[in-house]
Amino acid sequence: MPPVRQPSCGEDDDAVGRNDVTQTRTRLISVEEGFIIPEVVDELRRLAGGVPSMKSGPIAGPFMPKLLDIGAGRIAEMDADGVDIQILSLSAPGVQKFDPDTALSLARLANDSLSGAIKAHPDRFAGLAVAPPQAPAEAAKELERAVTKLGLKGLIVNSHTGDEYLDDPKFCPLLEAVEALGVPLYIHPREPGAGLWDGLMAMTGFTVGWAYAVETGTHALRMIAAGVFERFPKLQIVLGHLGEGIPFMLQRIDNRYPFEIGVTGRTPLPRKPSEYFRTNFTVATSGMNFAAPMRAAIDILGADRIMFAADHPMEDQKAVVEEYLAIPLTDAERRQISELTARRVFKIAV
Ligand code: MN
């Protein structure tokens with residue numbers, strides 16, 4: 001093997017190869033990037049009965065052409081916008097609204113398509129598997145196939161499945177598989193489940209900006225509260241939107257938890273809620289390109305628990321990158337959030 005050549009002063013490190021471990025330029029890895037396949041669109045459309053709404057998934061949006069492109073058009077846009085690697089995942093609500101058999105076969109199809117796109121562009125794309133939580137044992141098997149055979153880097157679940165959350169013991173086989181495979185579970189927002197729907201959906205215009213965060217943040221806290229991370233101490237969760245509001249509330253949650261547990265006479269968790277959040281969670285920016293919450297997230301969690309995400313195509317990727325680069329960060333924080341945290345969490349080697 002030839003010796004690894006060091007980039008000389010001022011030389012673009014691409015000249016010595018993208019995979020070169022001596023690279024000096026920070027790569028921008030974007031970790032919550034949507035795609036869809038026509039078969040899933042057809043099934044969502046069938047379920048919605050031709051009446052798109054906030055509840056019917058991406059068919060309601062103008063995002064379809066970009067969601068369907070996991071090839072040259074997407075890469076041209078990444079080049080123009082300054083994104084080196086996108087970590088792709090099937091757009092919300094994934095396969096979670098379908099009957100178990102349909103969901104499983106569409107999950108296989110989506111994972112195979114994704115794997116094909118990654119194989120065609122291995123230095124630009126990585127991806128997360130989709131698997132139907134409504135069939136936990138089958139989902140665990142599909143995840144194993146997607147990780148070990150297809151090389152996918154984790155699992156994405158779009159919050160509740162049929163109004164049930166991952167703290168329900170029925171989902172244990174899936175969480176067991178995630179932990180055993182050593183890959184992260186990305187809990188992505190979707191519209192609120194039945195228990196939260198009436199309150200959160202009473203305000204038109206606040207669904208994505210608030211209801212999604214409450215739904216998804218509540219999901220994460222349910223898992224902490226139920227002791228999921230005592231049962232699965234190595235389980236790693238990723239949340240978008242700088243943690244769906246949780247980092248901002250962590251100290252207050254810790255502060256009121258022992259009092260409230262004491263009053264109700266229950267047995268407390270052996271650790272503070274914040275300790276599980278700091279140990280078992282990493283957050284992505286995905287549309288939170290604002291200096292103040294970013295600084296708070298760094299102070300509360302550390303840059304090694306934060307990753308960049310554009311949320312393409314739901315957000316304007318070019319604007320998101322510009323906003324992110326305008327946030328004042330130290331060089332070390334920038335490198336960590338742009339690249340290093342994502343490399344560690346998703347085991348990205350290219
Ligand atoms: Mn998203």
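The legends below accompany several close-up views of a predicted model.

**View 1. A manganese ion is held by three side chains of the predicted model.** The ion is coordinated by Glu32 through OE, by His188 through NE2 and by Asp311 through OD, at 2.0 to 2.3 Å. Along the chain, these donors follow the spacing E-x155-H-x122-D. Histidine 188 and aspartate 311 link distant parts of the chain, for they are 123 residues apart. Histidine 188 belongs to strand E6, which covers residues 185-188, whereas aspartate 311 sits in the loop between strand E9 (306-307) and H14. Histidine 188 has a relative accessible area of 14% and is therefore counted as buried, the limit being under 20%. Aspartate 311 is likewise buried, with a relative accessible area of 11%.

**View 2. The peptide bond from histidine 312 to proline 313 is cis.** The omega angle of this bond is near 0 degrees, and proline 313 is placed in the loop between E9 and H14. The loop between strand E9 (306-307) and H14 also holds aspartate 311, which is one of the residues that coordinate the manganese ion. Most peptide bonds are trans.

**View 3. Four acidic residues form a negative surface patch.** The patch consists of Glu315, Asp316, Glu322 and Glu323. Glutamate 323 is part of helix H14, which runs over residues 317-326. With a relative accessible area of 36%, glutamate 323 is partly exposed, and this value fits the requirement that patch residues have over 30% relative accessible area.

**View 4. Lysine 66 and glutamate 77 form a salt bridge between two helices.** Their side chains meet at 2.9 Å, taken from N to O. The pair links distant parts of the chain, with lysine 66 in helix H2 (residues 64-68) and glutamate 77 in helix H3 (residues 72-81), eleven residues apart. Lysine 66 is partly exposed at 40% relative accessibility, and glutamate 77 is also partly exposed, with a relative accessible area of 24%. A search of the whole structure finds 14 salt bridges, and the bridge shown here is one that joins lysine 66 to glutamate 77.

**View 5. Within helix H15, glutamate 339 forms a salt bridge with arginine 335.** The closest N and O atoms of this pair are 3.2 Å apart. Because glutamate 339 and arginine 335 are four residues apart in helix H15 (residues 331-346), about one helical turn separates them. The two partners differ in their cover, since glutamate 339 is buried with a relative accessible area of 1%, whereas arginine 335 counts as partly exposed at 24% relative accessibility.

**View 6. Arginine 145 and glutamate 142 are paired within helix H5.** This salt bridge brings the closest N and O atoms to 2.8 Å from each other. Both residues lie in helix H5 (residues 136-148), where they are three residues apart, about one turn of the helix. Arginine 145 counts as partly exposed at 25% relative accessibility, while glutamate 142, at 3% relative accessibility, counts as buried.

**View 7. The peptide bond from alanine 92 to proline 93 is cis.** The omega angle of this bond is near 5 degrees. Proline 93 is found in the loop between strand E2 (85-90) and helix H4 (100-120).

**View 8. Serine 159 and glutamate 244 each have a positive phi.** Most residues other than glycine have a negative phi. For serine 159 the angle is near 40 degrees, and this residue lies in the loop between strand E5 (155-158) and helix H6 (172-181). Serine 159 is buried, with a relative accessible area of 1%. For glutamate 244 the angle is near 55 degrees, and the residue is placed in helix H10, which covers residues 241-244. At 7% relative accessibility, glutamate 244 counts as buried.

Notes:
Residues are numbered from 1 along each chain as its sequence is written. This is a predicted model: local features need pLDDT of at least 70, side-chain atom pairs count only at pLDDT 80 or more; totals for chains, interfaces and linings use all residues. Side-chain values use heavy atoms; hydrogens and water are left out. Patches are made of residues with over 30% relative accessible area and no salt bridge: like charges are joined within 9 Å, nonpolar side chains (Val, Leu, Ile, Met, Phe, Trp, Tyr) within 5 Å. Accessible areas come from the Shrake-Rupley method with a 1.4 Å probe; for residues, only the protein chains shown count as cover. Lys and Arg count as positive and Asp and Glu as negative; His and the chain ends are not counted. The place of a charge is taken as NZ of Lys, CZ of Arg, CG of Asp or CD of Glu. Buried means under 20% relative accessible area, exposed over 50%, partly exposed in between (1.4 Å probe, protein chains only). Donors are N, O and S atoms within 2.8 Å of the metal (3.2 Å for Na, K and Ca); water is not among the atoms, so sites may look incomplete.
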